[in-house]
Each structure stands twice: as structure tokens, then as C-alpha cells.
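Student: I have a structure open and some questions about how its parts fit together. Can we go through them one by one?

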Amino acid sequence: MLNFKEFQEYIKSNVKDYLPENYKDADIQFTDVVKNNDVHLTGVLIKKENETLTPNIYINELYEKYSSGMNLDEIVGDIADLRIEHDPPEEAQSIGSIFTNYEMVKQRLEIHLCDMELNRDKLKNQVYTEQGDFAATYHIKIGGDGMLRGSAAVTPNLLKGWGITEEQLREDSLRAEHSKGAVFMDIEALDAEKMFGLKPINLLDKQNDVIDNGDGFSLYCLTSEDYRYGASMILQEDVMGKVSKLMGGDFYILPSSIHETLIVPTTTQMTLEDMSIMVQYVNKEAVEPEDKLSDKVQFYDSKEMVIENAKKRENRLAMEKASTKEAGIHKKLQENRQKNMKVPSEGKRTSNRDLAAL
């Protein structure tokens, strides 16, 4: 059996046998790609001459299939089929040229959220903004409208070439994201859409009526209209303000996926521990590793309009309460001590012994 390095060499030596004539001079390279949550994947690039966009075909799962007994030449043929299937149309090749033109790029900007702790490798060569437990990274959308859709991360070199600040990039990205539109729906409506294709009601279209959360077990989903990287909608202040009005104030955020977050009203009967267990279970059982956002439950403070780690907030409030209580006790003791102190009569000298007795 070939090891992984030998597997790559076999692909490189044989894949052109399965490709059309116009691939005969293609350059074949292997790349290490750091995906979300620092998942490292190896991709093969089969780049034709003068191409600016080339699909990256990941071979890790294919190697696992080979290790499980799949025919090696069949795998190489599948790689060739994938390359032909995802061959970007001619008009898509012009997209690469716009990367140097920021005025054209900023219409294609989008924001991806990830967990800071889980993405140290990924963030090394990407422009990002810290958002509490999360990092907001910036990307250029590629394709769509019938073409293969993907994105390219904004790197420090790109930012330097554009001659703009990180703050401008953030503002332009938030503006571009806002145009995507946000969707806020009951979790049951989301399930109905997935199972039966029923279009859910966007609760953000309501006239700011507070939602009746009934028995205290209500659960909602916040995402974008295209359901792609919709977790970033928690960065939109007006969207969060509308959600807050619908929830009647503060609420919890379960960061279950990079594509959506779950919203829980503070009237819930679930404890913070219950919610933490829920988000960990969902992330483990129902979310692909690359799509996981975080296990850390968040709290939205509607007065301050800020998002805070819910556990850290709980600990902070407990410490503040204890500190206030301790300060109150000290103050009461001091007041009692002052009350019990005897004021010496005028002209009478008080001895050290008398003072010690006070």
C-alpha cells in the first residue's frame, strides 16, 4: 500500500491520462490548506496555462477510500472527473483580475466567524477582527449565479495592496453583508423547510411585537437569506436590535455553526449548563468539523448592545455581587464601630487604657 506521499506522486504521474487534450500542459501541484477550526487538508491543483482561478480538489478522504480498498486508478479517474466538472467557465477567469481593484472587490466582501482558540493556524495569514470569543475574517466571494461558488480570504498582503485600513475593510464588509439580508425564524419552521420545502416566516418582518415564548422552551435560528456563513449576522447591530425587541430584551446565543446561530430567550427554563451541553452535542453530532463555530454560549445585553461569553458573564456577576455584599458588611461594621465610640467630655483627658477599651 502506498503511503500518503506516494499516493500524491501517483496522482501527479497519472491524472493527465484521464483528462482531455487541453490539460496536457497543465501544472500539477499539491497544497496544504488550513480550513476552519485548523483542519489541515491537502489539495491538488491542476492548473491550465493562463488560468487565474483553479479549483482545489481535496484528496484526504480519497486516500482514506484507497486505504479501505478502493481501486487506485478509479480514484485518479474520479479526481479527473472532479477537475472537469468544476472547471471554471471562461468568464470566471476574469474575476481574479479584480482582486487588485478594491472598488470592485468591496461589493463581493463577506464575513466569516470562527472561534479564536480553535483557529490559531488559520488566522496567521488572514486579516481578522477580534469579536470577544470569535474572530471575524474577511473574504471575497467568487462565482455564484450559476458558476461554482467559493471565496478567497483577505490577507495582509491584499490589504496592503489596496491601501486601506482594517477598519475600512470591516465597515465595507458589514455593509456588503447587510445587503445579503438576515432571516430570523422559529426552529420548527427551519425543520419544516428542510423536510418539506416550506418557506419559513421571517420574524424580522414583524412590527417589533414581542414573541410569546410559551412554556419557556422556545428556540430560534438567525442566519442569512442564502444560509451561507449566516452566523456573521450577530455582528449587524440593527438585526440584533430587532431580535432583542422580539425577545423582549436580553437573550442567549448558541454558536452552533458558521452558517447559523441559535437564539434562546432569557425566559427559558434551561440553565446555562443545559445550553452548554446542547450546543456541544449539536456540534458533535450534527455539524461537520469544518462548519463548527464554537461550544461557548454567548449572552446578548440589549442595553449595552454587546455580546459576552455567558459563563464569564455569570462568573463576573457573581464576583460583583460578592464584592458588593462584602463592601456592605464592611460599611455596616464601620458604622456600628463609630456609633459605639464614646466621645470624651470637654476638658477630660482620655487615657490609652480608655481608648483600648472602646
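**Salt bridges, sheets and helices**

Tutor: Start with a charged pair. Asp87 and Arg83 form a salt bridge, and their closest N and O atoms are 3.3 Å apart. Keep in mind that this is a predicted model.

Student: Is Asp87 buried, exposed or partly exposed?
Tutor: Exposed needs over 50% relative accessible area, and buried needs under 20%. Asp87 has 25%, so it falls in the class between: partly exposed.

Student: And its partner, Arg83: buried or exposed?
Tutor: The cut-off for buried is under 20%. Arg83 has a relative accessibility of 0%, so it counts as buried.

Student: Which residues are linked with Arg83 and Asp87 in a network of salt bridges?
Tutor: Side chains of opposite charge can pair when their charged atoms come close. Here the pairing of Asp87 with Arg83 belongs to a network. The other members are Lys48 and Glu51.

Student: How many salt bridges are there in total?
Tutor: The rule asks for a side-chain nitrogen of Lys or Arg within 4 Å of a carboxyl oxygen of Asp or Glu. By that rule, the count is 15.

Student: How many residues apart are Lys296 and Asp115?
Tutor: These two form a salt bridge, with the closest N and O atoms 2.6 Å apart. The pair links distant parts of the chain. Lys296 sits in the loop between α9 and β12, while Asp115 is in strand β4. Their separation along the chain is 181 residues.

Student: Which class of accessibility does Lys296 have, buried or partly exposed?
Tutor: Asp115 has a relative accessible area of 0%, so that residue is buried. Lys296 has 22%, and buried needs under 20%. Lys296 is therefore partly exposed.

Student: What separates Asp172 and Arg175 in helix α6?
Tutor: Their side chains meet in a salt bridge, at 2.8 Å from N to O. Both belong to helix α6, residues 166-178. They are three residues apart there, so the separation is about one helical turn.

Student: Is Arg175 buried or exposed?
Tutor: Asp172 has 8% relative accessibility and counts as buried. Exposed means over 50%. Arg175 has 53%, so it counts as exposed.

Student: Now the sheets. Which strands are at the edges of the sheet β1-β2-β3?
Tutor: Three strands form this open sheet, with antiparallel pairing. An edge strand pairs on one side only. That gives β1 (27-34) and β3 (56-58).

Student: Which residue of β3 stands opposite Leu45?
Tutor: Strand β2 covers residues 40-47. It runs antiparallel to β3, and three bridges join the two. Opposite Leu45 stands Asn56.

Student: What angle does helix α1 make with β1?
Tutor: Helix α1 (residues 4-14) packs on the sheet and touches β1 and β2. Its direction makes an angle with that of β1 of about 145 degrees.

Student: Which strands are at the edges of the six-strand sheet?
Tutor: Its order is β8-β9-β11-β10-β12-β13, it is open, and the pairing is antiparallel. Each edge strand pairs on one side only. The edges are β8 and β13 (306-309).

Student: What is the bridge partner of Phe251 in β11?
Tutor: Strand β10 covers residues 251-254. Four bridges join β10 to β11, and the two run antiparallel. The partner of Phe251 is Pro265.

Student: Which residues of helix α7 are buried?
Tutor: Helix α7 lies across β8, β9 and β11, at about 100 degrees to β8. Those strands are among what covers the buried residues of α7. The buried residues are Ile187, Leu190 and Ala192.

Student: Which residue caps the N-terminal end of α7?
Tutor: Look for a side-chain oxygen close to the backbone nitrogen of Glu188: the two lie 2.7 Å apart. After α7 comes Gly197, with a positive phi near 75 degrees. The N-terminal cap is Asp186.

Student: Last one. Is Val105 buried or exposed?
Tutor: Val105 is found in helix α4, residues 102-105. Beyond its neighbours within four places in sequence, Val105 contacts Ile98, Phe99, Ile140 and Trp162. Its relative accessibility is 0%, so Val105 counts as buried.

Technical notes: Residues are numbered from 1 along each chain as its sequence is written. This is a predicted model: local features need pLDDT of at least 70, side-chain atom pairs count only at pLDDT 80 or more; totals for chains, interfaces and linings use all residues. Side-chain values use heavy atoms; hydrogens and water are left out. Buried means under 20% relative accessible area, exposed over 50%, partly exposed in between (1.4 Å probe, protein chains only). Contact means heavy atoms within 4.5 Å. Two strands pair if DSSP finds at least two bridges between them. Axes are lines fitted to C-alpha atoms, for helices over the stretch in contact, and angles run from 0 to 180 degrees between N-to-C directions. A polar contact is a pair of N or O atoms within 3.5 Å; within protein, one must be able to donate a hydrogen and the other to accept it, and residues adjacent in sequence count only if both atoms are side-chain atoms.
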